[in-house]
Amino acid sequence: MKRDWDINPLPPPEGSDDQGLDSISAYLMLAFVVVGPLIYFGPQLRMLEGWIARAYSTVEGWLIPIRDWFLGLVG
């Protein structure tokens, strides 16, 4: 007698790991997905952060005289 369990398998039993992700596993997976690239690309992100800070200070340097002139007119 031929058994066709390999063609039509039974569903997983209750309490099996094949039921899907629970909330703790999902949060751990999200943490690894977020923190992993931050660790791996840390030096490049630090360089990008420095570039953004320098650009901000440059724009701020351009706007300070305009701010002082405007506040001089108001005050």
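**Helix crossing and an aromatic pair in a two-helix chain**

At 42% relative accessibility, F41 counts as partly exposed in this predicted model, since the value falls between the limits of 20% for buried and 50% for exposed residues. Y40, with a relative accessibility of 65%, counts as exposed, because this value is over 50%. The rings of Y40 and F41 form an aromatic pair, with 4.9 Å from centre to centre. Their planes stand at 90 degrees to each other, and the arrangement is edge-to-face. The count of aromatic pairs comes to 1.

The chain contains 2 helices and 0 strands. Helix α1 spans residues 23–40, and helix α2 spans residues 42–74. The two axes come within 5 Å and cross at roughly 80 degrees. Helix α1 is therefore roughly perpendicular to α2, a class that takes in angles of 65 to 115 degrees. On the α1 side, the contact is made by P37, L38, I39 and Y40. On the α2 side, G42, P43, Q44 and L45 take part. By residue class, the contact of α1 with α2 comprises 6 nonpolar and 2 polar residues, with no charged residue. Y40 thus appears both in this contact and in the aromatic pair with F41.

For the chain as a whole, 1% of the 75 residues count as buried. The exposed area is about 7,500 Å², of which carbon and sulfur atoms supply 68%.

How values were computed
Residues are numbered from 1 along each chain as its sequence is written. This is a predicted model: local features need pLDDT of at least 70, side-chain atom pairs count only at pLDDT 80 or more; totals for chains, interfaces and linings use all residues. Side-chain values use heavy atoms; hydrogens and water are left out. Axes are lines fitted to C-alpha atoms, for helices over the stretch in contact, and angles run from 0 to 180 degrees between N-to-C directions. Helices (H or I, at least four residues) and strands (E, at least two) are DSSP runs, numbered from the N terminus. Angles under 35 degrees count as roughly parallel, over 145 as roughly antiparallel, 65 to 115 as roughly perpendicular and the rest as oblique. Contact means heavy atoms within 4.5 Å. Ala, Val, Leu, Ile, Met, Phe, Trp, Tyr, Cys and Pro count as nonpolar, Asp, Glu, Lys and Arg as charged, and the others, Gly among them, as polar. Buried means under 20% relative accessible area, exposed over 50%, partly exposed in between (1.4 Å probe, protein chains only). Accessible areas come from the Shrake-Rupley method with a 1.4 Å probe; for residues, only the protein chains shown count as cover. Rings of Phe, Tyr and Trp (its six-membered ring) pair if their centres lie within 6.5 Å; planes under 30 degrees apart count as stacked, over 60 as edge-to-face and the rest as tilted.
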